[in-house]
Amino acid sequence: MSFGFLGIQFGFALQGGFMSRIFQTLGADKDAIPFLWIAAPLTGLLVQPIVGYLSDRTWHPKFGRRKPFFFIGAVLSTVALFFAPYSSALWMAAGALWILDASINISMEPFRALVADKLPDSQRSYGFVVQTLIIGIGTWVASNLPWMMTQLGVPNTAPEGVVPDSVKYAFAIGAFVLFTSILYTILTTDEYPPEDMDAFEKEKAEKKGFFSGFGEIVKNISEMPTVMKQLGVVQFFSWFAFFTMWSFATPAITEHIFGATDTTSVEYNNAADSVGSYLGTYGLVSMFFSLILAFVASKIKINRKLLHLLSLIAGGLGFILIYYISEPWMLHICFSLVGIAWASILSMPYAMLSSSVEPKKMGLYMGIFNMFIVIPQIVAALGGVNFLYKILFGEAVINTMLLAGTLLILAGLSNLLITDRKATHD
């Protein structure tokens with residue numbers, strides 16, 4: 001059931017680890033990079049609640065409820081992922097990122113809803129943790145793909161304004177893995193029909209039409225559970241921090257740790273490959289941390305809130321340490337701590353949320369919950385990152401990692417807002 005997440009994470013890891021490198025190669029100024037990401041979260045803000053609402057109202061005896069959305073997202077994501085590194089202008093690369101992010105999210109939230117559909121509340125922590133284990137594998141492999149291509153003799157340098165072949169090959173492999181893994185999940189996973197089919201069809205008939213659907217989404221946003229609002233604060237700081245990393249890790253680390261700034265030089269491209277490899281560490285560690293959590297969650301009841309709080313603080317310290325390290329190998333330590341936070345971000349909030357919403361609206365609420373992922377990214381892209389890191393820490397681009405660390409620690413402490421025991425405990 002969760003195997004499709006391997007492919008989805010290939011797409012996210014390549015997007016997060018290397019789109020900023022593509023933007024720089026095409027001539028983008030470092031401070032302009034967050035703005036080039038803005039179309040993706042803006043689209044997600046609209047797409048996710050709609051996809052969640054539609055998937056709740058979909059049922060086909062053969063294709064199920066969530067699987068049609070997996071397939072649509074897989075096809076669009078594959079095309080965007082393959083062609084993104086062939087962009088010859090910034091607007092083309094930004095457009096490819098926009099399509100890629102929106103398409104991946106068409107598949108992502110129905111996948112999360114499927115986990116909640118198929119598992120009872122007592123097993124959801126375990127289910128989301130196993131899902132994160134799969135994601136960790138995808139993150140580590142995909143983040144290392146350009147480096148692997150270079151080791152196999154594929155050139156990692158190119159003329160000015162051209163993306164190296166190592167990145168192009170990596171994106172092509174990622175596109176293949178994304179499509180085949182989601183297709184495998186579609187072909188091997190069964191879905192449960194609505195418990196009362198007559199009531200399901202009656203409700204669909206009563207609430208059909210665009211305006212009815214729009215009103216239903218707005219109504220549920222205004223009536224979202226208290227736990228969801230409290231988790232929204234945690235999510236805001238968490239995803240602001242990770243958006244900062246995805247936007248600025250490559251320019252910050254290549255400049256601060258490796259002293260490389262010329263995007264056409266061998267030194268820069270070797271450094272950028274290394275940064276991708278170090279970023280892969282957080283995926284690898286999230287995999288092992290998830291493996292431990294999966295074992296623990298299958299044996300004992302866990303305090304989701306406390307676990308999430310400590311994990312996010314660990315990740316925040318990892319980001320801050322990037323500023324202070326003296327040797328590149330120490331980045332493995334920094335991103336190991338980040339990996340602990342990433343494993344928790346991809347599991348604990350969804351486990352807490354799924355225990356607090358109506359099962360028949362699981363897709364809709366998972367889609368609405370995505371607002372708390374994309375809104376911080378929009379704020380960051382519209383200048384929030386550039387403004388905050390310069391005001392709080394100074395002009396050097398490495399200060400973006402200090403900002404990310406500070407935000408992630410705030411995210412951890414925000415878990416103290418959540419008091420509903422049904423959400424915080426299995």
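**A walk around an all-helix chain**

Hi everyone, let's start at one residue: valine 79 sits in helix H4. Before going on, this is a predicted model, where local features need pLDDT of at least 70, side-chain atom pairs count only at pLDDT 80 or more, and totals for chains, interfaces and linings use all residues. Residues are numbered from 1 along each chain as its sequence is written, and side-chain values use heavy atoms, with hydrogens and water left out.

Back to valine 79: is it buried or exposed? With a relative accessible area of 45%, valine 79 is partly exposed; buried means under 20%, exposed over 50%, and partly exposed lies in between, with a 1.4 Å probe and protein chains only.

Valine 79 has company, in a nonpolar surface patch of about 740 Å² that also takes in Phe71, Val75, Phe82, Phe83, Tyr86, Leu183 and Leu187. Patch residues have over 30% relative accessible area and no salt bridge, and nonpolar side chains are joined within 5 Å; a salt bridge would put a side-chain nitrogen of Lys or Arg within 4 Å of a carboxyl oxygen of Asp or Glu. Helices H4 (67–83) and H7 (165–188) each give two or more residues to this patch, and H4 has the largest share, with 5 residues.

Now the whole chain. There are 18 helices and 0 strands, taken as DSSP runs numbered from the N terminus (helices H or I, at least four residues; strands E, at least two). Of its 426 residues, 60% count as buried. The accessible surface comes to about 16400 Å², and carbon and sulfur atoms own 68% of that; the areas are Shrake-Rupley values with a 1.4 Å probe.

Next stop, serine 265, in the loop between helix H10 (226–256) and helix H11 (266–299). Serine 265 counts as buried because its relative accessibility is 14%. Its side chain reaches the backbone nitrogen of tyrosine 268 at 3.0 Å, a polar contact, that is, a pair of N or O atoms within 3.5 Å. Proline 159 is 106 residues away in sequence, yet its C-alpha lies 9.5 Å from that of serine 265.

Last, helix H12. How far apart are its end C-alpha atoms? They are 31 Å apart, which agrees with the 30 Å that its 21 residues, 304–324, should span at 1.5 Å a residue; the expected span is 1.5 Å times one less than the number of residues. Asparagine 303 caps the N-terminal end of H12, with a side-chain oxygen 3.2 Å from the backbone nitrogen of lysine 305. Buried residues of H12 include Arg304, His308, Gly315, Gly316 and Phe319.

Thanks for listening!

How values were computed
Patch = residues over 30% accessible without salt bridge, like charges linked within 9 Å, V, L, I, M, F, W, Y side chains within 5 Å. Polar contact = N/O pair within 3.5 Å; in protein donor to acceptor, adjacent residues only side chain to side chain.
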